[in-house]
Structure formats: C-alpha cells, structure tokens
Amino acid sequence: MAAFGSFALLIALALAAYNLFAGVIALRLIATGQSARISPERLADTARRAGIAGFVAVTAAAFALVWSVFNNDFSITYIMEHSNRALPAPYKFAALWSGQEGSLLLWAWLLGAYGFVLRLLHKTDVKLYAYAGTILAGVQLFFLSVVNFAAPPFSLLKGALPDDGNGLNPLLQYPEMVIHPPMLYLGYVGFTIPFAFALGALMMRYPGEKWIRITRGWTMVTWLFLTMGIFLGMHWAYAVLGWGGYWGWDPVENASFMPWLTGTAFLHSVMMQERKGMMKSWNVWLIFSTFILSILGTLLTRGGLVSSVHAFAQSSIGDWFVAFLVIVLAVCIFTYILQRSHLKSEQRLESLVSRESSFLFNNLVLLAACFVILWGTLFPILSEYVQGTKVTVGPPFYNRVAIPIGLFLLFLTGVGPLLPWRSTSLRAIRRNFVVPSIALWATVIVCLAVGARPWKDGVFDTGNFYALVAFGLSAGVFTAILSEFLRGAGVIARQTRRNLFSAMYLLTRRNTRRYGGYIIHIGVVIVVVGLAGAAFNRSQESELGLNSTMAIGPYTLKCVGFTQDSNLNYDSEYALLDIYQNGKKQFQMTPEKRVYLASQQPQTMVAIHSVLSWDLYVVYEGTNPDTGQPIIKAFLNPLVSWIWAGVVFMVIGTFVALVPSLVPATASLRVPASLGAPTEPALRGGD
Amino acid sequence: MGAADAGARFNNLSHRLMCTCGCAQLLGECNHVGCTESGRERNELSAAIATGATDQQILASFAAKYGVTALAAPPTHGFSLVAWIAPLAVFAAALLGTILLVRQWSVGKAQATAQASSPEMDALREKVRRETGSGTDGGF
Amino acid sequence: MTDLQGVLAGAMMALALGVYTFWPENAFASQREKTRLDYLLERKEQLYENLRDLNFEYRAGKYPEEDFVAQRALLEDETAQLLAEIEHLQQA
C-alpha cells in the first residue's frame with residue numbers, strides 16, 4: 001500500500017503541475033487573443049479536468065494511509081510513530097493528522113476537495129473560475145511538492161519490522177481531537193478559495209463586484225469551519241490539559257486566531273465594496289493577508305520557530321514554507337501594482353455617523369487585535385535577534401493589551417447595527433441608543449450589587465473591572481440587537497398585519513445575511529459573558545483520604561474510594577468523589593489519570609460537572625508518594641458553559657446567513673428573459 | 001501578613017512567572033504529569049513570599065536565576081519596553097489614520113443635485129420608486 | 001498489497017486519470033466575456049437593493065425625513081441614469 005500511496009502522490013503532483021501550467025498558458029492566450037494550434041478554451045478545460053483528477057489521486061493517497069493505519073502496517077515510519085495495535089478505531093483516523101506528514105497530506109486532500117467542488121461549479125462564471133482554479137493549482141502544487149519531497153508520509157522504516165507502533169500522543173486521544181484538527185484545517189485551507197477568487201478577479205480585471213457574491217458563501221463556510229475549529233480546540237484544551245482554562249495564548253492558538261480576525265474583518269468590510277464599490281484595495285489585501293497568515297501560522301508552529309505546547313508536529317519544513325510565503329507575497333504585490341488602477345473606489349463616504357464608518361472602525365480594531373497577537377508571537381524572535389536574549393510573551397501581556405481592544409470591538413458590535421447605511425445625524429438616532437444604555441447601566445448596577453466589584457479589599461482588580469465592563473457592554477449590545485429585530489419586525493407587522501413573531505421570522509427570511517449576522521453577534525455576546533466569568537475563577541487543592549472532604553463554592557467533595565484499572569490501551573487510577581450540596585448528595589465525579597502503554601505517557605482525564613452558572617472541574621493530580629492518597633484539585637469556573645452555548649448561536653447564525661433571502665413582494669428585479677440576462681433569482685443583498 | 005494574603009500573592013506571582021520546563025505554561029498552571037521543574041519552583045516561590053520580599057524582588061530573583069524567559073510578560077525597561085509600546089503606538093496611529101481617512105472621504109451631507117429633468121428621466125425615476133416599494137405594498 | 005501490485009494499481013489509476021483529463025470533448029464551457037450590459041444589470045440589482053434598504057431603514061426610524069428624501073433622490077437619480085443606459089444598450 002505504501003508504494004501505491006507514494007505513486008498516487010506523484011500522480012497528483014504531476015496533475016497539479018499540468019493544471020497550473022496549462023491553465024496559465026490558456027488564460028494568457030485568451031487574454032492576449034493569440035491563436036494557437038489548440039483552442040485555448042479547450043486547453044483551459046483540460047487544466048480544469050486535471051484539477052478534478054488530481055483530487056482523485058490525493059484521495060487515493062489519503063485512503064492508502066488510512067488503510068495502512070487500520071491494517072497496522074508498521075513498515076511505514078509514520079504509522080509506526082503515530083499508531084499502535086490497541087488504538088481505538090476513531091483515533092486511528094486521528095493518526096492521519098497527528099503528525100507532520102499526515103497533516104500535510106490532509107491539508108492537500110482538503111484543498112483538493114475544495115478545488116473539486118469549485119471546478120464542478122465552474123459554469124457559474126467560467127472565466128473567473130478558470131482563474132481561481134489555476135491559482136488553486138499553484139497552491140496545491142506547493143503542498144504536494146512538500147508531501148512528495150520534504151515530508152513523505154509513506155517513507156518506509158529502515159531495519160527490522162517492529163511488532164507494535166509507538167501509539168498516538170495521549171493528549172490527542174480525546175473525542176474532540178477527531179474533529180478539531182479537520183475543522184481547523186478546513187478553515188485554514190478554505191481561505192485559499194476566497195484568496196484564489198480575489199487574486200483571479202484582480203488578474204482578469206473583473207468588471208463589477210459580482211465575484212464577491214460568488215465567493216460570499218465560500219468565505220462564510222470557511223469562516224464557520226475556522227470558528228468551530230478554534231472553539232473545539234478550546235474545549236479540548238479545557239477538558240484535556242487540566243489546568244482549568246481554555247485559552248493560553250499559545251503560539252498555535254494565536255496562529256489560528258490571526259486569520260480568524262482578518263477573515264472576520266473581510267466579511268464585514270466586503271459589504272462596503274458590494275454595496276458601494278468602496279475599499280476595494282483594502283479588501284483585496286485583507287483576503288491576501290488572511291491567506292498569508294494561515295500559511296504563516298503553519299510555518300510558525302511547524303517550523304519550530306516558537307515554542308508551544310503543541311510541539312507534537314515540528315520539523316524542518318520551515319524553509320519550504322518561507323519560500324512559499326515569499327512567492328505568494330511577491331505574486332500578490334506584483335499583481336496589485338500591475339492592476340491597482342482597477343481598484344479605484346467609486347463612491348465616497350457621506351458621513352461619520354453611518355454604517356460605513358462603523359465598519360471602518362470595526363476593521364481597524366480587528367486588525368489592531370491581529371497585530372497585537374502577531375507582534376506578541378513574533379516578539380521573542382525579534383528580541384533574540386536584537387538584544388540576544390529571548391523573552392517570554394505570555395498571557396499577562398495579551399490579557400493587558402488584547403482585552404481592552406476586545407471590549408472596544410464589543411462596543412462597536414452594539415453601535416454598528418443602530419447606524420443606517422449612508423448617513424444620518426446623531427440627533428435622529430439618539431433615541432435608539434436609550435434602551436441599550438439603560439440595559440448597560442442597569443447590568444453594571446446589578447453586578448455591583450451582587451458583589452462583582454472591580455475592587456477587592458480596597459485594591460483595584462483589573463480582571464474584575466474588565467469583567468464588569470464586559471457584562472455591562474454585553475447587556476447593552478444584546479439589547480441593541482434585539483431592538484433592531486423588533487424595529488424591523490414592527491415595520492413588517494404593520495405592513496402585513498402579522499403578529500410580531502411571524503414578522504420577525506419573515507424579517508429574517510427576507511434578509512438572511514443581515515439578521516443571520518445579528519444572530520452571530522448574539523452568539524459573540526454570549527461567548528464574551530462566558531469569557532468574562534473567568535475573572536471569578538476559584539480553585540482549591542487538597543489531599544483526599546478515604547471519606548475526607550474538601551469544600552469549594554457551594555459544593556463539598558467527599559472521597560469515597562480510589563482505585564486502579566487497566567485495559568489494552570492504558571492503565572488508569574481514579575478517585576470516586578461524592579458531591580454534596582446543602583448537605584445532600586447530588587452526583588458523583590471520577591477524575592482520572594491514565595498511563596498509555598504504547599507511549600508510556602501519562603495523561604489526566606478531567607471530571608467536569610457543568611451547569612449554567614458554573615463548572616465544577618476536578619483534576620486527579622496523582623498520589624502523594626508518602627501517604628499513597630490521591631491529590632485532588634478542584635476549580636469552580638463561573639459561566640464557562642456560556643462559551644459553548646454562544647458558539648451554537650454563532651453556528652446557527654452562519655447557517656441562517658447562508659440561506660438565500662426571500663425576494664420581497666415587489667419582485668421587480670426579474671429582467672425580461674428576452675434580454676438573455678442571468679435567470680437566477682435576484683438575491684437579497686444588504687448585510 | 002495573613003495566610004490568605006500570602007495565598008493571594010502566590011496566586012498572583014505564579015501567574016506572572018513561567019514554568020521553565022519548556023511546556024510554555026504559566027508556573028501557576030503547569031500541571032503536566034511528571035514535570036520536573038514546576039513543583040520545585042512553586043516551593044521556591046512560596047519560600048520567597050514567606051521571607052517577606054517584595055513582588056519586584058521575587059520576580060527579579062527568578063529572572064536572574066532562570067533567565068528573563070521565566071517572566072511571563074516582557075520587562076518594562078530596555079528593548080523589551082518596545083513590546084508594550086508598539087501595540088499602543090500602532091493602535092493610536094491606525095485610529096488617527098482611520099479618522100483622517102473618514103474625514104477625507106466624507107463629502108459632507110448628500111445634496112440632491114439638480115438633475116436634468118427630462119420627461120424620460122422623470123419616468124425612469126418614477127419606475128424606480130414604484131419598483132423599490134417606496135409605497136406601502138409590503139416590499140422594503 | 002505488495003509493492004508490485006501497488007505500482008500496478010497506481011499505473012492503472014494514472015492511465016484512467018490521464019484519459020479523463022485529455023478526453024477529446026468539445027462540449028466545454030466557453031469563457032464568455034462579460035458585457036457592459038451584464039455589468040449594468042448587476043449594478044441595477046445592487047442599487048435597487050440599496051434603495052429598498054433605505055426605505056426600510058427609514059420606516060424603522062433611522063433617518064429624519066429630510067435626510068431620507070435627499071438620500072433617496074440621490075440614489076434614484078443614479079438608478080435612473082443606469083436604467084437609461086440599459087435601455088439604450090438594449091435598443092442598440
């Protein structure tokens with residue numbers, strides 16, 4: 001199977017190369033109007049087919065690797081290092097991306113899959129898709145070169161064949177790990193599509209802004225994958241790493257967050273271009289940066305430039321990525337300079353008090369946040385270069401710098417929807433701000449009253465202060481969004497004599513993009529409330545003998561037993577804890593520690609009891625070597641479940657935004673068929 | 001100094017120091033099983049707090065012993081100060097730039113310029129208004 | 001699967017994919033240039049959209065009367081000019 005896999009990868013490489021070169025030649029011939037022996041359009045179509053065939057070849061290679069994992073073919077180095085016989089089946093899939101070679105193959109496969117769909121849909125706009133497909137082939141050529149030459153997943157083990165493999169890193173043996181990396185990769189890889197469209201549209205001097213509508217769905221789906229990937233990663237860190245938190249500002253986390261920030265900025269500012277033909281250069285660079293950042297993220301974490309807890313996938317492919325980054329940047333800059341006259345803005349801004357300017361500030365803040373994170377991630381390298389010593393840029397830095405920026409962004413989330421497009425006067429919309437402001441201050445007063453105060457024993461506490469601001473702003477933003485729904489629904493209810501709920505439904509259906517977006521914002525607000533809860537985290541550590549107890553918050557933990565167990569994959573020790581509340585036994589928890597046999601690596605399994613107001617999070621830290629009794633660390637983390645609930649809203653909102661809007665009753669957009677105009681139903685625009 | 005106070009100081013300081021085993025976690029949060037450094041360093045920190053040294057002295061002694069990388073955030077002097085200033089400077093510059101840009105782009109309140117009001121154009125305008133539902137027919 | 005079988009299977013796949021890629025077929029989609037009319041129709045769609053939105057936001061209480069009238073007049077003028085050009089092109 002190894003021979004077949006390697007062969008398939010070579011075929012895929014050849015097809016990608018053909019796709020790129022034939023595509024370039026064909027597009028060049030068409031652009032310059034030169035004639036050739038073969039029709040350039042026919043040549044372009046063979047290039048497209050080569051892309052589709054390339055996907056089949058990469059799929060065959062990925063299949064070969066998975067097949068070999070499931071058949072325990074330890075003659076393949078990669079499988080020997082990342083799997084073992086006793087590994088449960090779902091984690092055998094995870095072996096595909098738990099190491100460098102496999103994850104690059106996954107990357108190439110996902111890119112192939114995106115490209116496959118794109119090439120099938122090419123009739124939407126043949127020329128634009130031909131450009132995008134060719135650019136995609138260029139990116140694919142790079143990844144396939146890496147898996148063929150620098151990090152081959154099918155390289156064979158030298159020497160005697162071992163009986164069993166080293167096994168999968170225990171950190172990765174957790175359900176989320178089976179879906180988190182593919183989601184994240186779908187997000188990273190997916191940004192190649194809008195990148196290819198944007199670069200292609202610029203190269204061909206695409207007339208108008210329709211390409212944005214064409215790519216909108218792609219960009220949103222990609223953004224959704226990246227969002228889910230990030231949050232699944234947070235949940236994984238929370239449930240597996242056992243330090244009670246979910247975000248450590250680790251370089252790998254930062255690497256996924258940066259393209260998310262620029263991608264989010266793009267999704268907002270692109271509306272300016274679509275509606276008003278503004279900010280064209282800016283948008284082009286936003287999407288270029290998003291793509292470049294997702295490649296840079298891979299370089300940072302895979303190339304061993306920065307240290308990270310995700311050290312399981314480092315190697316020397318850094319040089320390849322540096323070279324690729326340089327080429328991408330050069331192509332972007334060159335194309336931009338050559339075609340910049342095409343990107344002149346058509347319109348101007350009418351007023352500072354408008355949706356447009358709120359988008360500008362939203363972009364400013366998202367980009368500032370991105371800069372802070374990039375800066376913090378790269379500063380250790382810069383410092384070593386300038387002053388010879390590395391410094392650590394850890395959570396205290398980000399918390400101090402990024403949280404105020406995040407709060408400012410939250411504020412804009414509330415203000416933006418209240419402003420109309422084009423312009424208005426503050427006077428006209430002042431009353432729209434009244435209710436949200438009342439909600440904000442009422443929440444602040446309630447928080448102060450129940451004891452969430454920004455000072456402790458007379459000392460000012462920054463964390464609590466930020467939490468208070470976050471709660472207040474969240475209430476204000478939530479009210480602002482709700483009032484937007486109600487105002488819009490009110491108009492429809494008046495016109496169509498519906499009740500408010502059915503009017504709200506119709507409102508959303510008529511402009512799914514805007515109201516889907518608002519649902520996403522509600523999700524963000526809920527996430528922020530959950531994040532702010534971290535300011536009030538508590539923890540307690542204690543050695544718990546049989547029948548001894550410890551108290552945290554309203555709970556009392558009583559140890560009713562500690563025992564050991566083992567299976568083929570791991571040995572485990574765990575404590576049985578009865579949890580009492582108000583003197584009554586409520587439930588039982590079993591925090592656990594495992595030692596995986598194949599890798600001989602230990603791993604904690606956290607026990608979490610989650611309710612709306614807080615999580616009780618219990619870690620089995622090990623046993624005291626002197627007494628043989630278990631050491632238990634308990635955390636009471638307020639509001640954590642809000643984070644995961646908020647993500648659900650974000651996902652729902654994105655789905656709503658992806659549904660095409662209903663065309664309103666005055667369906668006057670239909671153009672008489674005799675004109676040969678596009679017959680697709682007119683989409684509702686707006687934001 | 002009460003025990004609660006020492007506990008709070010320990011909590012605060014252990015979140016301003018890194019574990020030096022290479023796990024890239026805060027000292028107060030490093031929990032990976034079998035860590036060779038964090039236990040000893042935490043004891044060291046407790047001992048230092050017990051001697052009554054100030055926060056600054058404790059942080060400085062850790063930095064001297066384990067290198068600057070033991071501090072979780074860059075120091076605020078020398079070149080490392082740049083780490084703190086740059087985000088602020090960039091944010092301020094970008095904010096200023098955006099405001100200037102908005103002002104430059106703004107053409108002021110929209111004025112309906114006098115259009116050539118030929119009968120054809122008026123008819124077209126009328127058509128547009130009808131088709132975009134300016135009336136009360138439920139469209140918006 | 002032995003190495004030889006693997007290579008043979010790979011060769012067969014390469015052959016099949018090559019045939020698919022270069023199969024002489026003339027029913028490929030042609031790259032039609034977008035005309036000025038296409039562009040104007042897209043633009044009209046967007047301007048209609050903006051106008052509808054303006055009307056809606058006005059009714060939702062985001063514009064004072066005079067702002068709304070001025071904005072609408074501007075957008076309607078722009079759209080009317082566009083429609084005039086569309087009509088002109090369609091007659092040509």
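Within how many Å do the axes of helix H2 of chain A and H1(C) come, and at what angle do they cross? This predicted model gives the answer in the first view below, and the other views move on from there.

**View 1. Helix H2 of chain A crosses H1(C).** Here we look at H2(A), which covers residues 40-70. Its axis and that of H1(C) come within 8 Å and cross at roughly 160°. Since angles over 145 degrees count as roughly antiparallel, that makes H2(A) roughly antiparallel to H1(C). As for handedness, the crossing of the two helices is right-handed.

**View 2. Residues of H2(A) meet residues of H1(C).** Zoom in on the side of H2(A) and you'll find Thr46(A), Arg49(A), Ala50(A), Ala53(A), Val56(A), Ala57(A) and Ala60(A). Across from them, H1(C) brings Met13(C), Leu17(C), Tyr20(C), Thr21(C) and Phe22(C). Sort this contact by class and you get nine nonpolar, two polar and one charged residues.

**View 3. Chain C touches chain A.** Pull back to take in the whole contact: 40 residues come from chain C and 47 residues from chain A. On the chain C side, helix H1 (3-22), helix H2 (36-59) and helix H3 (65-91) each chip in at least two residues. H2(C) gives the most to this side, with 14 residues. Split by class, the chain C side has 17 nonpolar, 10 polar and 13 charged residues.

**View 4. Four strands of chain A form an open sheet.** Follow the strands across in the order S3-S12-S11-S10, and you'll see antiparallel pairing. Strand S3 (538-543) and strand S10 (607-610) stand at the edges, and each has a single partner strand, so one side of each is left without a neighbour in the sheet. From one strand to the next, the twist averages 15°.

**View 5. S11 and S12 of chain A pair up inside this sheet.** Strand S11 takes in residues 614-623 of chain A, and strand S12 takes in residues 630-638. They run antiparallel, with nine bridges joining them. To get your bearings, find Leu616(A), which stands opposite Leu636(A) in S12(A).

**View 6. A hairpin joins S10(A) to S11(A).** Three residues carry the chain through this hairpin. The two strands run antiparallel and are joined by four bridges. A handy landmark is Ser610(A), which stands opposite Asp615(A) in S11(A). S10(A) is also one of the edge strands from View 4.

Note on methods
Residues numbered from 1 in each chain as written. Chains lettered and ligands numbered in written order. Predicted model: local features only at pLDDT ≥ 70, side-chain atom pairs only at ≥ 80, totals over all residues. Contact = placed C-beta atoms within 7 Å. Nonpolar A, V, L, I, M, F, W, Y, C, P; charged D, E, K, R; others polar. Pairing = 2+ DSSP bridges. Axes fitted to C-alpha atoms, helices over the stretch in contact; angles between N-to-C directions. Parallel < 35°, antiparallel > 145°, perpendicular 65-115°, else oblique. Left-handed = near helix turned anticlockwise from the far one by under 90°.
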